[in-house]
Amino acid sequence: MLLAWTIIACACGGIAYSIAKQDFHAFPEGLTYAFPGLLFLGALPVGVTLLLASPATAGAPHVETAIDWSMLLMLVGLTWTYVIAMTLIGFLPATLLFQTSVLRFIFNRRGWRWLTVLPLAATCLFSVFFKALLAVPLPRGIGIFYVFNTLFI
Amino acid sequence: MPILASPDLLPLLTLIVAGVLIGFCVGVLPGFDITTGIALLLPLSYVMGQANALAFFAAMYCAGVFAGSITAILFRIPGTSESVMSAIEGYPFTARGEPGFALGIAIVCSGMAGVAASLVLMTLSPWLASIALRFGPGDYAALGVLGCAAVVSASGDQTLKGLIAMLLGLFLSTIGPDQISGEFRFTIVPALEDGVTLIPAIIGLFAVADVFWRVITDDIPSFERQSLSQKWQYPKIGDFIKLRYTLLRAWLIGLFTGILPGAGASSAAFLAHSIEARISRSRQAFGTGVPSALAAPETAKNAAAVGSLIPLLSLGIPGSATAAVILGAFQIHNLQAGPLLFVEHPELVNTVFFAVLVANIAFVLASFVLMRPIAMITVMPYPVLATGILTLSVVGSIATGGFTAAYVMLGFAMLGVVLKLLDIPLAPVILGVVLGPIIEIYFRRGLLMADGDIVAVFGSTMPVAFLSTAVLLLVSPWLFRVIRSRANSATDL
């Protein structure tokens, strides 16, 4: 039901937006919003059908599946932090920290093999893969981290 | 110059073999689809030549589609979504001590199907491309709509959700600079000003979203490792002769399913298996280790994998989600898949044909030699695999389009999780992103050429045929449902 109303609301909003932005004076050169408008127009009956259709037709969402939302937040947060960290501290420390964090906080692994040896080996492997094989310039960070990363990549 | 006489033959063969081996490793790993594997390795295209890159990914695709059957048959864990039927029908052989027989059936049937489909690829693609060269803008736009309808109808009972996914993908393709007027559309954040770039979108939607989903639903693949040290008995030629009608049937089903945009190798395997289950004399024994029950999906999926390259090369319309990912390799090298490829880069097309044929032969030979050591890769714990996928995804996205691409990738990963939560299929989204620009550009170009007369654009025979077929494909699931319910109520009476 929520999905159907979301689609209907987005479709109506999209149709209104496309009509407002469409340059009808420059037909057919100004048909910039024609295609998106048609898509929104097509989405409207889909949303209405979904609203009227039985659950068997629409398919059941994963309401019975237990979702660990805190884990999702953590995963997204860690990945986002990894991307930002690479700009600041460079590829090597950021990748090492990211891998260690994921193994520790997401997969609950402990011990020096999991949290030290494995991330170190993986970071070296990825450095070789991206630098030597793909010749991709890896981020080096700023300041002292730039100097550190330059020593290796 | 013929490929076999070319000085680049050795590097090409090396890359094809590398593609086969990497495709094997990717396909064998549970929780790691061949679509995801190709998406993650797309940045490798930058260091390869055009022809070599396409040959590498085509070889990887052919081998990867088959490789999932190895763990499916040995451990009842399908390495790829295409190998689900192989797990159901192949594992009973292993359970009664005949893993070699099942694997032999799978390898030879897949190889024969792939080689035969390669020959069709070589003959049908140029013919289709020559027809497509005469297409006008209206023909292309209508063909794109047909492609969308085919993808949606391939969603089975979830046609409505497939339609939602397709509309979402088509809308996402409109974000960014308009290709005709240059105006920025729906660019609410600066990261979207270049539009939705295909490779980070694919990486986020398939690779990262899958990892996120498995973690948050605690669906981590695991299995008990079994000993592979016993001697295996392989099938004999007589066993394959008995399966000749099954192989032919499944091959045709796979090939046509693969050519149809959106259906892909998974659908082909299920369809071939269900048809075989209806007409086979030993259908009661299906699920207990019947050779035809295993041969049908194995044959169909590899035929479909090669078949999906036919519309990709000749029309520029991918026949499956994986073919859509391979389209990314074309984009990296500024190539336009479609009929003009046969005119402007015939050597490239021939290289792809050669690579697909060689890959299908190579994986048969490699399977018999490397099956056991490659199956051992499955001991890799999922946390290691997942961490690797996430790292590769982020760095691969940055390598493709800078940090903006990484944010786009993350955005699509979140979208992928939401879509999985709503049970909306992901493949139509990516196919929508790919087909959207094709439909819009040709639609508007046609209108410009016809001075706004839409009848002139879509009024000729081909567009009418394509659009009618599209409507039929979209309404057919509902029609079948109505017919089925009326038949059931008539039976009840």
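How many helices and strands does the secondary structure of chain B come to? In this predicted model, the tally for chain B is 20 helices and two strands. The radius of gyration of chain B is 22 Å, close to the 23 Å that the globule rule gives for 493 residues, so chain B is as compact as a globular protein of that length. Laid out along its principal axes, the C-alpha trace of chain B spans about 70 × 65 × 50 Å.

What about the inside of chain B? Buried residues make up 60% of its 493 residues. Then there is the question of who touches whom: take the contacts in chain B between residues at least 6 apart in sequence, and 78% of them join residues at least 24 apart. As for the outside, the accessible surface of chain B adds up to about 18,400 Å², and carbon and sulfur atoms own 65% of that. Chain B also carries 23 positive and 25 negative side chains, with the centres of the two sets sitting 14 Å apart.

Now for chain A. Its secondary structure comes to seven helices and zero strands, so reading from the N terminus on simply gives α-α-α-α-α-α-α. A compact globule of 153 residues would have a radius of gyration near 15 Å, but chain A comes in at 25 Å. The box that its C-alpha atoms fill, taken along the principal axes, is roughly 60 × 50 × 25 Å.

Of the 153 residues of chain A, 42% count as buried. Among contacts in chain A with a separation of 6 or more, residues 24 or more positions apart account for 55%. The accessible surface of chain A is about 8,500 Å², with 76% of it belonging to carbon and sulfur atoms. Chain A has 7 positive and 4 negative charges, and the mean positions of these two groups are 31 Å apart.

Next come the cysteines. How many disulfides turn up over all chains? The count is zero. A:Cys10, for one, is in no disulfide, and the nearest cysteine sulfur, that of A:Cys12, is 9.5 Å away. Since a disulfide needs two cysteine sulfur atoms within 2.5 Å, that distance falls outside the cut-off. A:Cys10 is partly exposed, with a relative accessible area of 48%. A:Cys124 also counts as partly exposed, at 48% relative accessibility.

Two residues of chain B are worth a look of their own. B:Thr387 has its place in helix H17, which covers residues 382-421 of chain B. Is B:Thr387 buried or exposed? B:Thr387 is buried, with a relative accessible area of 2%; the label applies because buried means under 20%. Its neighbours include residues of the other chain: leaving aside residues up to four places away in sequence, B:Thr387 touches A:Gln99, A:Val102, A:Leu103 and A:Phe107. Within chain B, the C-alpha atoms of B:Thr387 and B:Val211 are separated by 8.8 Å, although the two residues are 176 apart along the chain.

The other residue is B:Leu74, found in helix H3 (residues 50-75) of chain B. B:Leu74 is buried as well, with a relative accessible area of 2%. From C-alpha to C-alpha, B:Leu74 and B:Phe93 are 8.8 Å apart in space, and in sequence they are 19 residues apart.

Methods. Residues are numbered from 1 along each chain as its sequence is written. Chains are lettered from A and ligands numbered from 1 in the order in which they are written. This is a predicted model: local features need pLDDT of at least 70, side-chain atom pairs count only at pLDDT 80 or more; totals for chains, interfaces and linings use all residues. Side-chain values use heavy atoms; hydrogens and water are left out. Helices (H or I, at least four residues) and strands (E, at least two) are DSSP runs, numbered from the N terminus. The radius of gyration is taken over C-alpha atoms; the globule rule is 2.2 Å times the number of residues to the power 0.38. Buried means under 20% relative accessible area, exposed over 50%, partly exposed in between (1.4 Å probe, protein chains only). Contact means heavy atoms within 4.5 Å. Accessible areas come from the Shrake-Rupley method with a 1.4 Å probe; for residues, only the protein chains shown count as cover. Lys and Arg count as positive and Asp and Glu as negative; His and the chain ends are not counted. The place of a charge is taken as NZ of Lys, CZ of Arg, CG of Asp or CD of Glu.
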